[in-house]
Amino acid sequence: MNAIEIIGLCKNFTGKRMTKIEALKGLNLEVARGEVFGFLGPNGAGKSTTIKLLMGLLKPTTGLSRIMGVESSQTLSRTNVGFLPENPAFYDYLSAEEYIKFVGSQFGMEANLLATRTEEVLKRMDLWEARKRHMRGYSKGMVQRVGLAQTLVHDPDVYVLDEPMSGLDPIGRALVKDIILDLKKQGKCVFFSTHITDDVEKVCDRVGVINNGQLLVVDSVTNILQRGIEGYSVLTISPEGVQEENYVGKDELQFFIQRSLQNNQSIEKIESRSKDMEAFFLEIVAR
Amino acid sequence: MITIIGITLKGIFRDRVFQGIIALSVLFLFIPSAASLSMRQVTELSITLSLSLISFILLLLSVFLGATSLWRDMERRYTFSVLSLPIGRSSYLLGRFMGLTLFLILTSTFLGVLACVMIKVSSSIYPSDRPIVWSLLVLTLLFTTLKYILLVGVALLLSTVSTSFFLPIFGTICAFLASGVTQQVYEFVYSPSAEKLVSPLIKMLVTALYYFLPNLSGFDLKVNAIYGIPANFTGLGVTVAYFVAYTAILLGGAAILFNRREMK
């Protein structure tokens, strides 16, 4: 059983003057357990709509989605999920500690375990000092960290994160990446949307690119980066000790190494020159 | 659902609504002196003023808390995080309603105690020939509270379909105003004097509105409390049954509409 299944998901909205807006056009996607999946797309591509449909906040026009085999329309589908909405907002008259405990209680956590877990996640998100303050006094970054803390408290198997790095400073972004990598080690499934390609490259197993409501491509990050290799930068040192940096084409590396060795040149460093995830993303979206 | 009730009450207290009520309740201190302006009916007037003030405060609370509670959650995007937890939308709605109901009961009790103290003070300064029937006073307070709990139901129902606070607030106020006259209008159109004046179409319309709009006239026991007139318990039983049925219909409708609502 996959952690997330999306089958022929379509969502239409009614715009001004009763015009039909197709936000999502027949989306099909499967995300396995233990997989970190990056959902890439420009603004307005349909990422948040997909996530809202997955979490039962919107109703699909056609198609369906499942979390751990349970259809999103059922409350039961949310019992093993940690969800972080885009630009999250929480009851601002509560403190972070109260809110985390409220969330934990909704998942039926036992009081002692909830207290321990609340402390753990608040400390991890660097909110321990501010835990008693009402959230109305929090910065945007702090609210985002509360959002992440509330996804972690009940230790679910599936995490759905909508733009988790949004509003965070570099330290916060690094922390989120660490958390995702840690979840990956624990065998958790993380499905997160972003438009920042660097985030995907660093933490994801697979990536899907969506634009104009259509899923354009789904592939593993390794494959994408491998395919993107254009050539190599090779640093050689001649017998006289002269360093030389050479650009070698994708298919000429073996030939270049052999020739260098024949000429008694030592090879100091080989670096691949490849298109990064951003170039890949731009290429897909521009098609 | 219990946690939602708790969260609702916490929100109301932390938004300092209760402090506002305490500030407003200072007005009760002026009741004995205001009632003394009436030469012979000081106790009666103090009961009238106390019950009217309680009614006014409960009206403000039911309209503004009822109409803004759900709307604010959607407007401030709290619903995205809360409704993505394993909470059914109906439970969430019911939790909100129960929280608001508990707060109304609490406020009503607090104001009721204050009113009793002031009525006692007034009656001890200017003793009345007619004894105060405290049980009737409590009964009046109970039915006043039920009336405003039902109004919270109206406000919540309107909140589930509205994207702004205008419809819930003004719709609830309109429903409240209409609820006080539907009985009279209904009785008038079916009276012999209106036989030739009112067309059958208007009669049908009035009948439809009479059953559709809340009828809160049966909840008003002020006259009984003021003049010590015994209450008609059969009538009160019908009013309680009406309260239960109408509130259930309101909440059922609200739950259906809220379940269908898209959280865009």
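These are my notebook entries on a predicted model with chains A and B.

**Entry: chain A as a whole**

I began with the overall picture of chain A. Its secondary structure comes to nine helices and 13 strands. Along the principal axes, the C-alpha atoms fill a box of roughly 70 × 50 × 35 Å. I looked up burial next, and found that 52% of the 287 residues in chain A are buried. Then I turned to contacts between residues at least 6 apart in sequence: in chain A, 65% of them join residues at least 24 apart.

**Entry: helix H2 of chain A**

How many residues of H2(A) are buried? I got eight of its eleven, so I wrote this helix down as mostly covered, with buried meaning under 20% relative accessible area. H2(A) runs over residues 96–106. The buried ones are Ala96(A), Glu97(A), Tyr99(A), Ile100(A), Phe102(A), Val103(A), Gly104(A) and Gln106(A).

What covers them? From chain A, the cover includes helix H3 (111–124) and H4. Chain B takes part too, with helix H1 (2–14) and H5 included in the cover.

**Entry: H2 against H4 in chain A**

I stayed with H2(A) and checked how it sits on H4(A), which spans residues 140–152. Two packed helices are described by the angle between their axes and the distance between the axes. Here the axes come within 9 Å and cross at roughly 30°. Angles under 35 degrees count as roughly parallel, and H2(A) and H4(A) are therefore roughly parallel to each other. The crossing is right-handed.

Which residues meet? On the H2(A) side I noted Ala96(A), Tyr99(A), Ile100(A) and Val103(A). Facing them in H4(A) are Val146(A), Ala149(A) and Gln150(A). By class, this contact of H2(A) with H4(A) has six nonpolar residues, one polar and no charged ones. Ala96(A), Tyr99(A), Ile100(A) and Val103(A) also turned up in my list of buried residues above.

**Entry: just past H2 of chain A**

Next I followed the chain out of the helix. Phe107(A) sits in the loop between H2 and H3 of chain A. Is Phe107(A) buried or exposed? Its relative accessibility is 17%, so it counts as buried. Leaving out residues up to four places away in sequence, Phe107(A) touches Arg78(A), Thr79(A), Val81(A) and His154(A) in its own chain, plus Leu85(B) and Pro86(B) from chain B. I also took down one distance: Phe107(A) and Val200(A) are 93 residues apart in sequence and 29 Å apart in space, C-alpha to C-alpha. Gly108(A), just after H2(A), takes a positive phi of about 70°.

**Entry: two helices of chain B**

For chain B I looked up H4(B), residues 42–75, and H6(B), residues 89–125. They pack at an angle of about 160°, with their axes 10 Å apart. With over 145 degrees as the cut-off, H4(B) and H6(B) are therefore roughly antiparallel to each other. This crossing is right-handed. The contact of H4(B) with H6(B) has 16 nonpolar, eleven polar and two charged residues.

**Entry: positive phi outside glycine**

I made a note of two residues here. Glu163(A) has a phi near 50°, a positive value in a residue other than glycine. Its place is the loop between strand E7 (158–162) and helix H5 (170–185) of chain A. Glu163(A) is buried, at 7% relative accessible area.

Arg77(B) has a phi near 70°, and Arg77(B) is also a residue other than glycine. I found Arg77(B) in the loop between helix H4 (42–75) and helix H5 (78–82) of chain B. With a relative accessible area of 30%, Arg77(B) is partly exposed.

**Entry: a glutamate in a strand**

Glu5(A) lies in strand E1 of chain A, which covers residues 4–14. At 15% relative accessibility, Glu5(A) counts as buried. Not counting residues up to four places away in sequence, Glu5(A) touches Leu29(A), Glu30(A), Leu64(A), Ser65(A) and Arg66(A).

**Entry: cysteines**

How many disulfides does the structure hold? I found zero over all chains. A disulfide is a covalent bond between the sulfur atoms of two cysteines. Why does Cys189(A) have no such bond? The closest cysteine sulfur to its own is in Cys204(A), and at 11 Å that is too far for a bond. Cys189(A) is buried, with a relative accessible area of 1%. In chain B, I noted Cys116(B) as partly exposed, at 24%.

Key
Residues numbered from 1 in each chain as written. Chains lettered and ligands numbered in written order. Predicted model: local features only at pLDDT ≥ 70, side-chain atom pairs only at ≥ 80, totals over all residues. Heavy atoms only, no water. Axes fitted to C-alpha atoms, helices over the stretch in contact; angles between N-to-C directions. Helix = DSSP H or I, 4+ residues; strand = E, 2+ residues; numbered from the N terminus. Parallel < 35°, antiparallel > 145°, perpendicular 65-115°, else oblique. Left-handed = near helix turned anticlockwise from the far one by under 90°. Contact = heavy atoms within 4.5 Å. Nonpolar A, V, L, I, M, F, W, Y, C, P; charged D, E, K, R; others polar. Disulfide = S-S within 2.5 Å. Buried < 20%, exposed > 50% of the residue type's maximum accessible area, 1.4 Å probe, protein only.
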